[in-house]
Amino acid sequence: MIQNAENKASRIYLFDNIKFLAILLVVIGHAINFLTETDNGNMLEKSLFLTIYSIHMPLFIFISGLFLKPMDKSTKFPKQKVISYILIGIVLRIMMSVLRLILGKEISYSLFDMYDSFAWFMWAMAVFITIMWIFRDYNTKIIFLLSLLIGCMAGYDKFLGDKLALMRIVVFLPFFIAGYMIKPELLADLLSKTWLKIVSIFVVVGFVALFFINTDIYQYLRPIFTGRNSFEVLEECESFGGLIRLLCYAISSLFGLAVMSLIPNKNLGIITKTGTKTLQIYFWHQAILLLLSYFGVYGLISSVTGDTIATAVYILIAVAVTFVCSLPIFSFPTKQLLSFGKHN
């Protein structure tokens, strides 16, 4: 999640538009997650969940790696970025814990457990950047292949999980490295190819149809796409966990590439502008979703409209939350914390 892209790359509107879609999918995905956890979700919600979770974090992390400056042996440790992400994550976790306390809910704060408040991503970003600096003088392609292998095998280790977000860091690292390996200008040129756009239409339609028609796939792929579970959740298919993880990598990569190629490379006004505010949106959206849940908004909508229409309304609410969180007032405290990291 990159708040400030390089000047040259930031003029490529495509990437701001991609970041907008990525953060929108994050907010919608988290909104739907509230529903699937509270009412077990109807099939529409489950299909949407699977579609979104197959792409939203891989896409977000890929774009984050794309805008990390290339590093070599002479590059100093980027402590400003690392400090900023760690501080933002700490503040986010504390804020969500205080909010839950005020609302009379059980506080789920844990020093090492990174599942609560979705702040794990901030810690993961700090780790991703640190890893790339440590291995800056090595062949990036080899590092990518090793990360892919480790990601496929990690699910067999039941120790990994939410502790320090180790499982998700290992699982999503290949997407960050893949983004780091590609120059933004070259990617933009590839995504502009007409043949790729034509193929992408069929790829997107195919995956969406798969997730919506084959309802049984939800049971097996949901826990894998979240990136935080061991293969134990696959039960009788646990032995094939590595292959299933590899399949999920392939789905996320192909689906993500197809979606990116269909996004226009032009200034879309408020959409493009919102794509430059992803960090503050990520920071604040969960608090708003929690408040909506606390005040019974989800249940009220369902009781009035019915499940299917209610799901559509939830999506519209998530869209509204995304735009609201992009307002200047919500730049606090991420803007200040980023500045703090730069001055230390």
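1. Let's start with a pair of helices in this predicted model. Helix α3 (residues 43-53) and helix α10 (residues 194-213) have axes that come within 8 Å and cross at roughly 140°. Angles over 145 degrees would count as roughly antiparallel, and the angle here is roughly 140°, so α3 is oblique to α10. The crossing of these two helices is right-handed.

2. Which residues make the contact between α3 and α10? From α3 come L44, S47, L48, L50 and T51, while α10 brings V208, F211 and F212. Sorted by class, the contact of α3 with α10 has six nonpolar residues and two polar ones, with no charged residues. If you have the structure open, try finding the side chains of F211 and F212 on α10 and L48 on α3, which are among the contact residues.

3. Now for the space inside. How many cavities of 30 Å³ or more does the count give? The count comes to one cavity, and the volume of the largest cavity is about 70 Å³.

4. Here is what surrounds that space. The largest cavity is lined by Y53, P58, V171, F172, F175, I224, F225, R245, C248, Y249 and S252. Three elements give two or more residues to this lining: α8 (166-181), α11 (217-225) and α12 (241-261). Helix α12 has the largest share, with four residues.

5. A last look at the character of this lining: nine residues are nonpolar, one is polar and one is charged. Arg counts as charged, so R245 is the charged residue in the lining of the largest cavity.

Key
Residues are numbered from 1 along each chain as its sequence is written. This is a predicted model: local features need pLDDT of at least 70, side-chain atom pairs count only at pLDDT 80 or more; totals for chains, interfaces and linings use all residues. Side-chain values use heavy atoms; hydrogens and water are left out. Axes are lines fitted to C-alpha atoms, for helices over the stretch in contact, and angles run from 0 to 180 degrees between N-to-C directions. Angles under 35 degrees count as roughly parallel, over 145 as roughly antiparallel, 65 to 115 as roughly perpendicular and the rest as oblique. A crossing is left-handed if the near helix is turned anticlockwise from the far one by less than a right angle, and right-handed if clockwise. Contact means heavy atoms within 4.5 Å. On a 1 Å grid over the protein atoms alone, a cavity is a set of points where a 1.4 Å probe fits but cannot get out, and a pocket is an open set with protein on both sides within 12 Å along at least five of seven lines; lining residues have an atom within 4 Å of a point. Grid points are joined across faces, edges and corners, and a volume is the space filled by probe spheres set on the points.
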